[in-house]
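Here is a briefing on one protein model. Look over the sequence and the coordinates first, then read the points below.

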Amino acid sequence: MKPLFLTACIAAILLACTDDKPITLQTNKKLAFKFTGVDIKSGSLPGRTNNFDPIYCFIEVKRGNEYYATGVFKSLPPSLQISLPDNTNFTVNIKAVRKGWSYGIRRFVENNRTTINWAEAQDSLNYQHPMHNGADAGLCWVYLKPDSSQTNFQAYPQTDTYAARLEFNSGTTVDTTVVELKRQIWGIESRIHHFEKGKVSVVLAEGLYSNPPDGTSRQVINYPDSSKLDIFSLGFLHQGDNMVHMRVIYNDGTEDHVAYDGYISVARLEKKVLDIDLGRFNAMGGRIIGFDLLEETLTAGEIITIK
């Protein structure tokens with residue numbers, strides 16, 4: 001009887017092992033992202049309609065320091081499905097930019113910066129050959145002519161920029177995630193008092209070490225104008241405050257006098273107000289100009305109408 005009993009025990013053990021199959025991890029997972037927070041309508045850009053002012057959408061999916069998938073879309077998709085390996089950490093950078101006074105964004109690698117041509121936007125994610133597209137950067141190079149001339153473009157277009165960054169593990173995040181894109185712009189407003197003649201120039205140079213003669217932006221206030229407000233996209237959307245080199249120059253009709261030359265910190269939805277009192281200007285007394293740098297918050301839809 002013992003051999004028969006032993007045989008029965010071995011069979012029972014084998015049957016139990018057969019039922020206890022090893023757990024296999026899911027190799028691919030599809031996640032859906034729905035975008036909210038952006039509703040851009042034609043506003044202060046004269047002569048333009050929504051047909052000429054689309055919203056470019058830049059998306060980068062990174063696994064560690066490597067790009068897993070990237071894409072450029074001609075319009076902001078209401079939702080996007082991404083296929084990912086399970087139980088893996090990812091970072092997703094998303095940027096939406098209003099085109100404004102431009103005829104497209106070019107793709108050209110220069111000084112480690114990649115820019116995108118409107119004609120090359122594929123409206124899909126590229127998993128095979130992902131390429132950095134600036135989804136984490138506010139700065140865009142845009143064409144100024146309809147022929148997409150490579151010699152006629154500017155760095156600071158009249159755009160409005162929204163962005164978001166997601167850091168998650170594909171094994172724990174929900175299948176459908178609502179992503180709120182937030183407005184990522186800052187402004188410089190110049191107010192002049194006792195302005196009787198000449199002009200005041202405010203020159204901005206992006207980055208701490210950027211120092212071109214004219215800067216990336218130059219706004220000029222001529223008498224009798226008393227104020228002017230320009231808005232810009234942040235240079236890097238996800239690195240906290242950015243340092244900008246700013247110079248304020250007063251020309252009395254004969255020569256330039258530097259009222260301010262230094263670095264300022266800018267943040268999302270922040271407005272720097274330059275309050276300049278030219279009534280205190282005295283070239284013979286050492287070129288004294290009353291100068292104050294104030295901080296305010298940009299109102300919703302300021303400059304460009306946004307609901």
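Two residues are in contact when heavy atoms lie within 4.5 Å. On that basis, 71% of the protein's contacts with a separation of 6 or more join residues 24 or more positions apart. The model is predicted. It has one helix and 20 strands.

**Overall numbers**
- The protein has 307 residues, and buried ones make up 46% of them.
- The exposed surface is about 16,700 Å². Carbon and sulfur atoms supply 51% of that area.

**Confidence**
- The average pLDDT of the protein is 74, and 65% of the residues score at least 70.
- Strand 11 has the highest confidence, at 92. Helix 1 (residues 2–19) has the lowest, at a mean of 43.
- Residues 4–26 stay under 50 in pLDDT. For this stretch the model has two contacts beyond four places in sequence.
- Residues 42–52 are also below 50. Here the model has 23 contacts beyond near neighbours in sequence.
- Where pLDDT is low, the predicted coordinates should not be read in detail.

**Strands 2 and 3: a hairpin**
- Strand 2 (residues 55–63) pairs with strand 3 over seven bridges, in the antiparallel sense.
- Within this pairing, Val61 stands opposite Ala69 of strand 3.
- Two residues lie between the strands of the hairpin. Gly64 takes a positive phi there, near 70°.
- Is strand 3 (residues 66–73) largely enclosed or left open? Six of its eight residues are buried, so the rest of the structure largely encloses it.

**The four-strand sheet**
- This open sheet has the strand order 16-13-19-20 and mixed pairing.
- Which strands stand at the edges? They are strand 16 (227–233) and strand 20 (290–297). Each has a single partner strand, so one side of each lacks a neighbour in the sheet.
- Neighbouring strands of this sheet are turned by 15° against each other on average, direction ignored.
- Strand 13 (residues 185–193) runs antiparallel to strand 16, and seven bridges pair them.
- Ile188 stands opposite Asp230, a residue of strand 16.

**The three-strand sheet**
- A further open sheet has the order 4-1-11, again with mixed pairing.
- Strand 4 (79–84) and strand 11 (176–180) are its edges. Each has a single partner strand, so one side of each is left without a neighbour in the sheet.
- From one strand to the next, the twist averages 30°.
- Strand 1 (residues 29–36) and strand 4 run antiparallel and are joined by six bridges.
- Lys29 has Leu84 of strand 4 as its bridge partner.
- In general, strands of a sheet pair through backbone hydrogen bonds, either parallel or antiparallel.

**Asn242 and its surroundings**
- Asn242 is in strand 17 (residues 242–251).
- Is Asn242 buried or exposed? Its relative accessible area is 11%. The cut-off for buried is under 20%, so Asn242 counts as buried.
- Beyond its neighbours within four places in sequence, Asn242 touches two runs of residues: Leu234, Gly235 and Phe236, plus Ile264, Ser265 and Val266.
- A polar side-chain atom of Asn242 lies 3.4 Å from the backbone oxygen of Phe236.
- Ala267 is 25 residues away from Asn242 in sequence. Their C-alpha atoms are 6.7 Å apart in space.

**Backbone exceptions**
- Most residues other than glycine have a negative phi, and most peptide bonds are trans. The cases below depart from that pattern in phi or in omega.
- Asn87 has a positive phi, near 55°. Asn87 is in the loop between strand 4 and strand 5 (89–98). Its relative accessibility is 44%, so Asn87 counts as partly exposed.
- Leu269 has a positive phi of about 60°. Leu269 sits in the loop between strand 18 (256–266) and strand 19 (270–277). With a relative accessible area of 24%, Leu269 is partly exposed.
- Which peptide bond is cis? The bond from Tyr223 to Pro224 is cis, with omega near 10°. Pro224 belongs to the loop between strand 15 (217–222) and strand 16.

Methods:
Residues numbered from 1 in each chain as written. Predicted model: local features only at pLDDT ≥ 70, side-chain atom pairs only at ≥ 80, totals over all residues. Heavy atoms only, no water. Buried < 20%, exposed > 50% of the residue type's maximum accessible area, 1.4 Å probe, protein only. Areas by Shrake-Rupley, 256 points an atom, 1.4 Å probe, with all protein chains shown as cover. Pairing = 2+ DSSP bridges. Axes fitted to C-alpha atoms, helices over the stretch in contact; angles between N-to-C directions. pLDDT = per-residue confidence, 0-100. Polar contact = N/O pair within 3.5 Å; in protein donor to acceptor, adjacent residues only side chain to side chain.
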